[in-house]
Amino acid sequence: MTTQPISDDKTFTSTEGKRAQQARKTKNKILTAATKVFAEDGFSGGRIERISREANSNDRMIYYYFGNKEALFLNVLETTYLEFYKAEKALDLDTASPIESLKKVIAFTFRYYLDHPEFVAILNDENLHRAKHSSQSENIKNISGNIQGNLVPLLEMGQQNGVFRKEVTAKNLYLTISSLTYFYCSNQYTLTVFVGKNFQDTAFQDEWLKHISDVVIRSVIVDA
């Protein structure tokens, strides 16, 4: 299964014809509705009929624009990944201050997962399907590479300045940050029961963020 390269622009330009604008608007409404439904019901439980109702559209339009349910789910995956990448790319990172910039990335990642439970839910569902859909997407592979690539400049600057250890790689740093932030958010309800701590409590979230920031920084800095 392949999809067209996705655009990060959802605005409508004056040069577009009225029909093209309406088509983009309809597709965006369907994607928004599909994101909600798949986040709540998963790929298997998500029904085209419900997505149509949520989008104030009809089944025929979904099949016209996306082809089938699998392609629609893949488009949702690609769009959610792209939104994450755009938000991270917008961070004002100062490579001259690699430690503070790295702290910003950690905080952003954790807060983004907390603020976008639909992203976490859809990723959880895709993992249940063993990346059946995302493994077929060149777009997601490209976005993933770009997300990891965002860490490269600050990591290299820290290494050049003797602040970060030379053997640290962007891939391992990305995996460390993702593990410590995503796990908290994806398992927060069962962990609340298991640990006996309210994982939705903002004070505890702040405490966890401080802890994982310390863990990540200590894992990359040169020993004093």
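This report describes how one protein chain is arranged, starting with the whole fold and ending with a single pair of side chains.

**The chain as a whole**

The structure is a predicted model, and its chain holds eleven helices and zero strands. Read from the N terminus on, the order of elements is therefore a run of α with nothing else in between, α-α-α-α-α-α-α-α-α-α-α, when helices and strands are the elements counted. The C-alpha trace spans about 65 × 45 × 30 Å along its principal axes.

**Two domains and two annotated spans**

The domain assignment divides the chain into domain 1, residues 19-67, and domain 2, residues 73-219. Measures of position are taken here over C-alpha atoms, and on that basis the centres of domain 1 and domain 2 are separated by 28 Å. UniProt, in an unreviewed entry, lists residues 24-84 as "domain: HTH tetR-type", and an unreviewed entry there also places the feature "DNA-binding region" at residues 47-66. The table sets out the helix and strand content of these two spans, together with the distance between their end C-alpha atoms.

| Span | Helix | Strand | End C-alpha atoms apart |
|---|---|---|---|
| Residues 24-84 | 87% | 0% | 21 Å |
| Residues 47-66 | 75% | 0% | 14 Å |

**Where the domains meet**

How much area do domain 1 and domain 2 bury between them? The value is about 830 Å², and 76% of this area is on carbon and sulfur atoms. On the side of domain 1, the residues Thr35, Phe38 and Phe43 supply 54% of the area buried against domain 2, which is more than any other three residues supply. The contact takes nine residues from domain 1 and eleven residues from domain 2.

Turning to specific pairings, the rule finds zero salt bridges across the interface of domain 1 and domain 2, while two residue pairs, both at pLDDT 80 or more, are in polar contact between the domains. Helix H1, residues 18-45, gives eight residues to the side of domain 1 that touches domain 2, and this is the largest share of that side. By residue type, that side of domain 1 divides into six nonpolar, three polar and no charged residues.

**Salt bridges in the structure**

Although the interface between domain 1 and domain 2 has zero salt bridges, a search of the whole structure finds eleven. Side chains of opposite charge can pair when their charged atoms come close. One salt bridge joins the side chains of Lys36 and Glu40, with a distance of 3.3 Å from N to O. Both Lys36 and Glu40 lie in helix H1, where they are four residues apart, about one turn of the helix.

Technical notes:
Residues numbered from 1 in each chain as written. Predicted model: local features only at pLDDT ≥ 70, side-chain atom pairs only at ≥ 80, totals over all residues. Heavy atoms only, no water. Domains from an automatic or database assignment. Contact = heavy atoms within 4.5 Å. Buried area = accessible area lost by both parts, 1.4 Å probe. Salt bridge = Lys/Arg side-chain N within 4 Å of Asp/Glu carboxyl O. Polar contact = N/O pair within 3.5 Å; in protein donor to acceptor, adjacent residues only side chain to side chain. Helix = DSSP H or I, 4+ residues; strand = E, 2+ residues; numbered from the N terminus. Nonpolar A, V, L, I, M, F, W, Y, C, P; charged D, E, K, R; others polar. UniProt positions renumbered as here; feature names shortened; annotations may be inferred.
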